[in-house]
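Visitor: I would like a close look at one part of this model, namely the loop that holds the disulfide and the salt bridges around it. Please also place that part in the context of the rest of the chain.

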Amino acid sequence: MVMKLPYLGSCLFLVFFSLVSIVASGSGKGLPILSFDEGYNQLFGDDNLVIHRDGKAVHLSLNERTGSGFVSQDLYLHGYFSASIKLPADYTAGVVVAFYMSNGDMFEKNHDEIDFEFLGNIRGKNWRIQTNIYGNGSTSAGREERYNLWFDPADDFHHYTVLWTASHIIFYVDNIPIREFKRTAEMGGDFPSKPMSLYATIWDGSDWATNGGKYRVNYKYAPYVAEFSDLVLHGCAVDPIEFSSKRCDSMQSWEQLTTSMTPSQRSKMDSFRRKHMTYSYCYDQTRYKVAPAECVINPREAERLKKFDPVTFGGGRHHHGKRHHHMRASRSEADSI
């Protein structure tokens, strides 16, 4: 478990070496797994949060009464954050499971956020993943991407990871990078740069999660249970009262080393995105006539998305206004890649 501010120098020294090896391998193997009591507190949900395996696993459930969630005990400025997650099976339309970082409780008007959101579906159709990034309260400019997966995430546990540095964010699924997001000068303060807590929640997103709200949560299939295990919090923990983003400036040396993927990782990410990405804000011509400044346009991604949805990604006429939800409604074949 990382130490707090009085020992921040040694903490950063340890983080430096471990994150270099993490990025090189794409894996957090060897990092300490915290029990629930060591690293987390219940956020909401009363009995809908159940701890298993002596604190090494947590079940979050959603029923007609409430959803549930937990939050890290510490705030973190950069690091490696991951969990193995098994999602609910069968009819899950309207259900949202989220694994994300945020400081919205401390910065209501200029919060930062890094999201994994899992969006349920009707029977016979798999869950979809949405990633999103906000910085400095930039919620009017959602940076969503959505993907299908090469497996059924309700069949077994799969590993989901966020790697966050001062200049770079990488999302991983089963140690395969699926998205990288680089800080650019044009973004100004829109890159997440303030300490955040890690959250995990399950809740009713019927108004938007499945086909724009066409299919809603059906509580005859409740409770919906999301299972979490192998919880890793590995980063720069900061004091919640006296924290300052400058406290971690000495991490810059490893920041420079952790911003590059290996050729193998980049090849796998490019393959994943060509095969499985179904939406990216960078290519959405109904929202942006000119792509936001931080976007790096990949012609192969653009061509695939244009074929997938020529109206959204090809600039064609839009007969029915398409809504893209980038705010939560509430807070309370890997081998082929």
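Guide: What follows starts with the basis of the model, goes to the disulfide loop, and then widens to the salt bridges, the backbone and the cores.

The model is predicted, and local features are taken up at a pLDDT of at least 70, side-chain atom pairs at pLDDT 80 or more, while totals for chains, interfaces and linings use all residues. Residues are numbered from 1 along each chain as its sequence is written, and side-chain values use heavy atoms, with hydrogens and water left out.

The pLDDT, the predictor's confidence in each residue on a scale from 0 to 100, averages 84 for the protein, and 80% of the residues score at least 70. In residues 1-17 the pLDDT is below 50, and this stretch has 34 contacts (heavy atoms within 4.5 Å) beyond near neighbours in sequence. Residues 319-335 also have a pLDDT below 50, with 40 contacts beyond near neighbours in sequence. Where pLDDT is low, the predicted coordinates should not be read in detail.

Now to the loop itself. A search of the whole structure finds one disulfide, a disulfide being a pair of cysteine sulfur atoms within 2.5 Å. Its partners are Cys282 and Cys295, whose sulfur atoms lie 2.0 Å apart. Both cysteines are in the loop between strand 15 and helix 5, so the disulfide ties together parts that are 13 residues apart in sequence. Helices (H or I, at least four residues) and strands (E, at least two) are DSSP runs, numbered from the N terminus. The torsion about the S-S bond is about -80°, so this disulfide is left-handed. Cys282 and Cys295 are buried, where buried means under 20% relative accessible area, exposed over 50%, and partly exposed in between, with a 1.4 Å probe and protein chains only.

The side chain of Arg287 meets that of Glu144 in a salt bridge, with an N to O distance of 2.9 Å; the term stands for a side-chain nitrogen of Lys or Arg within 4 Å of a carboxyl oxygen of Asp or Glu. This pair links distant parts of the chain, 143 residues apart: Arg287 is in the loop between strand 15 (277-280) and helix 5 (299-308), and Glu144 in the loop between strand 8 (128-134) and strand 9 (145-147). The two ends differ in exposure, for Arg287 is partly exposed at a relative accessible area of 23%, whereas Glu144 is buried at 0%.

A further salt bridge joins Glu145 and Arg273 at 2.8 Å, N to O. Glu145 lies in strand 9 and Arg273 in helix 4 (residues 263-276), so the pair ties together parts that are 128 residues apart in sequence. Glu145 is buried, with a relative accessible area of 4%, and Arg273 is buried as well, at 8%.

Helix 4 also holds Arg266, which pairs with Glu180 of strand 12 (residues 176-182) across 86 residues of sequence. The closest N and O atoms of Glu180 and Arg266 are 2.7 Å apart, and Arg266 is partly exposed at 29% relative accessibility. Salt bridges that share partners join Glu145, Arg179, Arg273 and Glu301 into one network. The count of salt bridges comes to eleven.

The backbone has some features to check as well. Most residues other than glycine have a negative phi, and most peptide bonds are trans. The peptide bond from Ala222 to Pro223 is cis, with omega near 5°, and Pro223 sits in the loop between strand 13 (197-204) and strand 14 (224-238). His78, in strand 5 (residues 75-86), has a positive phi of about 80° and is buried at 6% relative accessible area. Arg53 has a positive phi of about 50° and is exposed at 52%.

Finally, the largest nonpolar core (buried Ala, Val, Leu, Ile, Met, Phe, Trp, Tyr and Cys residues joined through side-chain atoms within 4.5 Å) has 66 residues, and those with the most contacts inside it are Phe70, Phe116, Phe118, Trp164 and Phe228. Strand 14 gives the largest share of this core, eight residues. Apart from it lies another core, of nine residues, including Val96 and Trp203.
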